[in-house]
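Work through the exercises below with the sequence and the coordinates at hand, trying each task before reading its solution.

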Amino acid sequence: MKPLYLFSSGRLERKNNTISFVSENEERKYIPVENLTEIYIFGEVDLNKRVLEFLTEKEITLHFFNYYGYYVGSYYPREHYNSSYVLTKQVEKYLNPTERLKIAKKFLIGATKNMLRNIKEYSEKIQQLSDFELSIESLFRKILDAEDIEQLMGIEANIRQTYYETFDLIVDTSNLSFEKRTKRPPENELNALISFGNSLLYTAVLSQIYQTHLDPRIGYLHTNNHRRFTLNLDIAEVFKPVLVDRTIFTLLNRKQITKKDFVKGMNGVFLAESGKKTFVQEFHNRLETSIYSEKLKRNVSYRSLIRIEVYKLERHIIDDQEYQPFVRK
Amino acid sequence: MYIIMAYDVNEKRVAKVLKIARKYLTWIQNSLLEGEITESKFERLKAELSKIIDESEDSVVFYKFGSEKLFQKEFMGEKLGPKLFM
């Protein structure tokens, strides 16, 4: 089961009971629909309702990105695993402040442990990292004492800030700079990579949630604000250090992405098409990498591991088994 | 599982076979397709094909591999195969 990344411009059509892409020079390519889970659209693509109907039938999600690599939105076909039972349970847990906080803390615990795991990997070589490690560890202890979501979000912000400061030490930033985390728009190259990587992860998680009973609109750590998917943001927190940050370290330390892969525009710095493609390829490889799952007692890809994480949360929500976030060994 | 599919069927059924196969695999050359597929999807592909082909005169061959890494591809001319980017 594979995603498709559309960088070219053209038209997406339903043809002969499968999906086909007609590029600007009228060249037609067929995409095996039975093997497709999601489509990421970066180019200027036309599509019609017939395609959307077909994609709904085949349970395929579409994710749109604009010219700058910003996430625009998703086509999330109608729910096919409807379960009013799970939905009411999910809402019940959200409305109960104690239960909500409990789940939110779990996401943050997983995220922080995975961040620490990343730092530890480099701390033998880079001495200065041990100070950061200690300060994150002390912030980590505060998570358990947090009394409400606002406090928790505050701690999260502090942890992230400290964590992102280590990036300048971990990656070879000789020709890139990274002073502080900036968003909307990212002000330098490293921030552009983090923003792009995070949005890829958010959509990858969203596509996995689609395969379960959970409703992506109801998140626990991130506040629901009437229009946005938030559960995928929550689950993505756990995987950001494992999938996005490690992709960035690899790409920069191998010099696969350099200054020439970025463009300036809209008062910020963004990935150029070459950079986006390199990033997507490496990110995809990482999602396909398999690791041993304690839960299933066999090797699974990171992509499946995200799905397992959603199932674990579902179990927690229906009071079957307490959720324990994924922590990389 | 990764499969390579080759078929030799009566002219009348070539288009029909191709149409079915394209839903599951990537077209490489005339009568040749390949791609990653799950066991269950493979069974469905075979079931769909068996409704079309005439077993007395047509033949379809599948080469099965555990993964794409287990064989080598060598090209002369254009490099073809399933694509992640388009």
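Two strands count as paired if DSSP finds at least two bridges between them. The model examined here is a predicted one.

**Exercise 1.** Establish how strands β3 and β4 of chain A pair, and place them in their sheet.

*Solution.* Strand β3(A), residues 18–23, and β4(A) are joined by 4 bridges in the antiparallel sense, and within β4(A) it is A:Y30 that stands opposite A:S20. The open sheet has 4 strands in the order β4-β3-β2-β6 of chain A, with mixed pairing. Because β4 (28–31) and β6 (45–47) of chain A each have a single partner strand, they stand at the edges, and one side of each is left without a neighbour in the sheet.

**Exercise 2.** Check whether the span of helix α5 of chain A agrees with its number of residues, and identify what covers its buried residues.

*Solution.* The helix holds 17 residues (149–165), which at 1.5 Å a residue should span 24 Å; the end C-alpha atoms are 24 Å apart, so the two values agree. At the start of α5(A), the backbone nitrogen of A:E150 has a side-chain oxygen of A:D148 within 3.2 Å. The buried residues of α5(A) include A:E156 and A:R160, and the cover over the buried residues includes α3, α4, α6, α7 and α8 of chain A.

**Exercise 3.** Is A:E237 buried or exposed, and which residues does A:E237 touch?

*Solution.* A:E237, which lies in helix α8 of chain A, has 2% relative accessibility and therefore counts as buried, the cut-off being under 20%. Leaving aside residues up to four places away in sequence, A:E237 touches A:A111, A:E156, A:R160, A:L221 and A:H222.

Note on methods. Residues numbered from 1 in each chain as written. Chains lettered and ligands numbered in written order. Predicted model: local features only at pLDDT ≥ 70, side-chain atom pairs only at ≥ 80, totals over all residues. Heavy atoms only, no water. Helix = DSSP H or I, 4+ residues; strand = E, 2+ residues; numbered from the N terminus. Expected span 1.5 Å × (residues − 1). Buried < 20%, exposed > 50% of the residue type's maximum accessible area, 1.4 Å probe, protein only. Contact = heavy atoms within 4.5 Å. Polar contact = N/O pair within 3.5 Å; in protein donor to acceptor, adjacent residues only side chain to side chain.
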